[in-house]
Amino acid sequence: MTTFERLGIEYKEIDGLLYPVLSVSEETVKPIHIGKYGRMWIDFIKTEHPGRYRNLVRFGRLWNKAAEIDEEAHELLETIENKWLNSHKPKNRQSFWEMYQLRTQARMMAEEAVLHQMIRQYH
């Protein structure tokens, strides 16, 4: 099986020879949402591991991998944030300011963990 076949590229026969169809119409291209963390990971992998970046681009897997990392990062972010909020109860649940501070602190701690565990990693 050729690389083109694994990527799902079609062939066209001209004068008895098969040529890969490398052009794609805009109607067949569907956008992939990579999100904030996917973009951050692409920037990291591009600067810190350029060989891996080129490999992912060459085989057409960069955007799918970035979308996967973004989804996992959001799940981890939510898990860490909820765990932290459950262990740090407010003294006054009616206080908007206290709740705001707790949520902001939880988000900052969770984002730092996500950056360290997901984004700045070789995937």
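This briefing describes how helices H2, H4 and H5 pack in a predicted model, and which residues form its largest nonpolar core. The model is predicted, with local features requiring pLDDT of at least 70 and side-chain atom pairs counting only at pLDDT 80 or more, while totals for chains, interfaces and linings use all residues. Residues are numbered from 1 along each chain as its sequence is written, and side-chain values use heavy atoms, with hydrogens and water left out. Two packed helices are described by the angle between their axes and the distance between the axes.

**H2 against H5**

- Helix H2 (residues 35–48) packs on helix H5 (residues 96–119) at an angle of about 50°, and their axes lie 11 Å apart; axes are lines fitted to C-alpha atoms, for helices over the stretch in contact, and angles run from 0 to 180 degrees between N-to-C directions.
- H2 and H5 are therefore oblique to each other, a term for angles that are not under 35 degrees (roughly parallel), over 145 (roughly antiparallel) or 65 to 115 (roughly perpendicular).
- On the H2 side, the contact (heavy atoms within 4.5 Å) is made by Lys 36, Tyr 37, Met 40, Trp 41 and Phe 44, and on the H5 side by Glu 111, Val 114, Leu 115, Met 118 and Ile 119.
- By class, this contact of H2 with H5 has 8 nonpolar, no polar and 2 charged residues, where Ala, Val, Leu, Ile, Met, Phe, Trp, Tyr, Cys and Pro count as nonpolar, Asp, Glu, Lys and Arg as charged, and the others, Gly among them, as polar.

**H4 against H5**

- H4 and H5 pack at an angle of about 140°, with their axes 8 Å apart, and that makes H4 oblique to H5.
- The contact of H4 with H5 has 15 nonpolar, 2 polar and 5 charged residues by class.
- Glu 81, which is found in helix H4, is buried (under 20% relative accessible area, with a 1.4 Å probe and protein chains only), its own relative accessible area being 12%.
- Leaving aside neighbours within four places in sequence, Glu 81 is in contact with Ala 106, Arg 107 and Ala 110.

**The largest nonpolar core**

- The largest nonpolar core has 18 residues, of which Trp 41, Ile 42, Val 114 and Ile 119 touch the most other members; such a core is a set of buried Ala, Val, Leu, Ile, Met, Phe, Trp, Tyr and Cys residues joined through side-chain atoms within 4.5 Å.
- Two or more residues of this core come from each of H2, helix H3 (50–58), helix H4 (62–87) and H5, and H4 gives the most, with 6 residues.
- Ile 119 touches Tyr 37, Met 40, Trp 41, Phe 44, Ile 69, Ala 73 and Val 114, not counting residues up to four places away in sequence.

Technical notes: Helix = DSSP H or I, 4+ residues; strand = E, 2+ residues; numbered from the N terminus. Buried < 20%, exposed > 50% of the residue type's maximum accessible area, 1.4 Å probe, protein only.
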